[in-house]
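Biologist: Could you take me on a close look at one part of this model? I would like to hear about the charged pairs and what surrounds them.

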Amino acid sequence: MKDMLDTKEQAERLLLVGVATGGNEDKVMESLDELAELASTAGAVTVGRIIQNREAIHPGTYVGKGKVEEIREFVEDYGVDTVVCDDELSPAQLKNLETALNTKVIDRTIMILDIFAMRAETSEGKIQVELAQLKYRSSRLVGLRSSLSRLGGGIGTRGPGEKKLEMDRRVIRERISILNKELEEVKRSRNVARKKRMESAMPMVAIVGYTNAGKSTLLNTLTGAGILEEDKLFATLDPTTRIYEYENGNRILFTDTVGFINKLPHHLIDAFRSTLEEAKYADIILHVVDISNPSCDMQMDVVYDTLEKLGIADKPVITMYNKVDKLDNDIMLGSDIRSRCTIRASARKKLGLDKLLDEIMNIIDDGMRYIEQVIPYSDAAKIQDIRKYGQLIEEDYRADGIFVKAKIPKQIGIGL
Ligand SMILES: Nc1nc2c(ncn2[C@@H]2O[C@H](COP(=O)(O)OP(=O)(O)OP(=O)(O)O)[C@@H](O)[C@H]2O)c(=O)[nH]1
Ligand SMILES: [Mg+2]
């Protein structure tokens with residue numbers, strides 16, 4: 001029992017603050033719920049929430065003057081260690097708030113970066129997260145320095161591998177340039193791996209979606225990939241690619257990617273661009289949605305926005321409404337009109353997956369054309385091309401040449 005109390009005492013105590021502009025208080029409540037989830041993933045406890053209705057975010061102090069005072073009183077009364085603002089703070093806002101409140105002040109971006117730092121496992125993931133953290137802090141050193149030194153630790157002070165983050169501008173600059181070089185190296189080897197996969201000409205499906213939607217569970221169910229799936233935000237940071245083989249021998253690649261979240265820090269989008277680019281080379285985007293989550297509409301909007309930002313909005317999208325096992329049977333679900341088709345499924349309970357796999361094949365078939373012809377023996381090398389880029393359904397060696405039935409990708413000209 002004593003141990004439990006001790007850990008409770010040690011946990012960082014947070015007050016969450018949001019601003020509702022244009023009367024969207026419900027949205028801000030939802031956003032603070034998610035911020036509280038992020039906080040608990042980061043090992044902290046939420047002791048209160050304050051929302052201010054304002055025309056616009058205050059450029060100097062995020063909330064208005066009166067509200068700053070209210071927050072200061074709350075901090076004193078409830079022993080709050082850290083005030084977390086739900087939007088990214090400018091350097092000035094951070095510094096002013098920190099001075100006015102006389103307590104540690106952070107924002108949603110720091111929280112997300114902190115969790116990414118905790119989760120990063122591969123060297124590429126670690127480099128990307130540390131880069132995003134350093135870029136964020138390099139412009140906010142004044143406010144952050146006093147804020148982050150208050151607890152001597154906690155959210156915002158940890159880099160990947162619990163390494164303490166630098167606070168010195170010159171050292172940060174040097175570290176950024178070293179990390180950039182290391183990243184170039186890693187990118188090169190990723191490109192080689194990607195090129196190999198593309199040469200195999202196997203169709204590729206990128207699994208994308210809001211964090212915690214069930215992307216990794218789906219890949220595990222389909223291919224036994226053995227990736228960590230957890231009821232926590234950002235369980236997966238690094239992409240994993242696995243082959244799925246249909247009964248008729250057709251094979252496709254599935255890639256599980258990092259989850260998206262509302263207000264994903266732009267430094268992170270930049271940092272993870274190369275990881276997310278896996279989706280850029282996919283033939284199909286499979287958008288996994290946690291349809292049991294009350295905020296699923298907002299989450300879908302965020303995913304489409306992020307795909308747009310990454311420049312991959314023009315691919316065929318399949319929407320998978322996941323976790324239908326959690327819904328009552330009589331709930332009616334509309335289709336997602338932004339995608340080719342909508343499948344109701346459960347990755348965990350293995351429901352609807354055959355239909356999903358059929359739809360994937362249909363889209364891939366759409367990109368193929370069927371041929372049935374005799375190839376002269378002098379052109380026999382074309383059989384290899386068909387094998388490489390398409391599907392050889394039947395071949396028959398006849399007197400006048402090789403009779404083939406095959407499917408070949410429409411965009412590939414192999415002279416057939
Ligand atoms: N009830 C139910 N739970 C599911 C289903 N699919 C996934 N889950 C659960 O949802 C949680 C999140 O699943 P993950 O597969 O880790 O989600 P993810 O999309 O990979 O999440 P991140 O890697 O954090 O972006 C886990 O606890 C899963 O067991 C489903 O079909 N039904
Ligand atoms: Mg995952």
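Modeller: Gladly; what follows is a walk through the salt bridges, then the sheet beside them and the core. Please keep in mind that this is a predicted model.

The count comes to 25 salt bridges. Let's start with K263 and D87, which form one whose closest N and O atoms are 3.1 Å apart. K263 sits in the loop between β7 (251–256) and α10 (266–271), while D87 sits in the loop between β3 and α4, so this pair ties together parts that are 176 residues apart in sequence. The two ends differ in their surroundings: K263 counts as partly exposed at 35% relative accessibility, whereas D87 is buried, with a relative accessible area of 17%.

The loop between β3 and α4 also holds E88, and R140 lies in the loop between α6 (123–138) and α7, so their pairing ties together parts that are 52 residues apart in sequence. The side chains of E88 and R140 meet in a salt bridge of 3.2 Å, N to O. Here E88 is partly exposed, with a relative accessible area of 32%, and R140 is buried, at 8%.

Another pair is R338 and D336, whose side chains meet at 3.3 Å, N to O. R338 is partly exposed, with a relative accessible area of 43%, but D336 counts as buried at 5% relative accessibility. Returning to D87 and K263, salt bridges that share partners join them with E34, D86 and R108 into one network.

Now to the strands. An open sheet of four strands runs in the order β2-β1-β3-β4, with parallel pairing. At its edges stand β2 (45–54) and β4 (104–107); each has a single partner strand, so one side of each is left without a neighbour in the sheet. Neighbouring strands are turned by 25 degrees against each other on average, direction ignored. β1 (residues 13–21) and β2 pair in the parallel sense over nine bridges. Helix α4 (residues 91–101) lies across β3 (82–85) and β4, running at about 150 degrees to β4.

Finally, the core. The largest nonpolar core has 82 residues, and those with the most contacts inside it are L15, L38, I71, F116 and F234. Helix α5 (residues 108–119) gives the most to this core, with seven residues. Not counting residues up to four places away in sequence, F116 touches V129, F234, L237, V258, L268 and F272. Apart from this core lies another, of 28 residues, among them A225, M320, C341 and L356.

Methods
Residues are numbered from 1 along each chain as its sequence is written. Chains are lettered from A and ligands numbered from 1 in the order in which they are written. This is a predicted model: local features need pLDDT of at least 70, side-chain atom pairs count only at pLDDT 80 or more; totals for chains, interfaces and linings use all residues. Side-chain values use heavy atoms; hydrogens and water are left out. A nonpolar core is a set of buried Ala, Val, Leu, Ile, Met, Phe, Trp, Tyr and Cys residues joined through side-chain atoms within 4.5 Å. Buried means under 20% relative accessible area, exposed over 50%, partly exposed in between (1.4 Å probe, protein chains only). Helices (H or I, at least four residues) and strands (E, at least two) are DSSP runs, numbered from the N terminus. Contact means heavy atoms within 4.5 Å. Two strands pair if DSSP finds at least two bridges between them. Axes are lines fitted to C-alpha atoms, for helices over the stretch in contact, and angles run from 0 to 180 degrees between N-to-C directions. A salt bridge is a side-chain nitrogen of Lys or Arg within 4 Å of a carboxyl oxygen of Asp or Glu.
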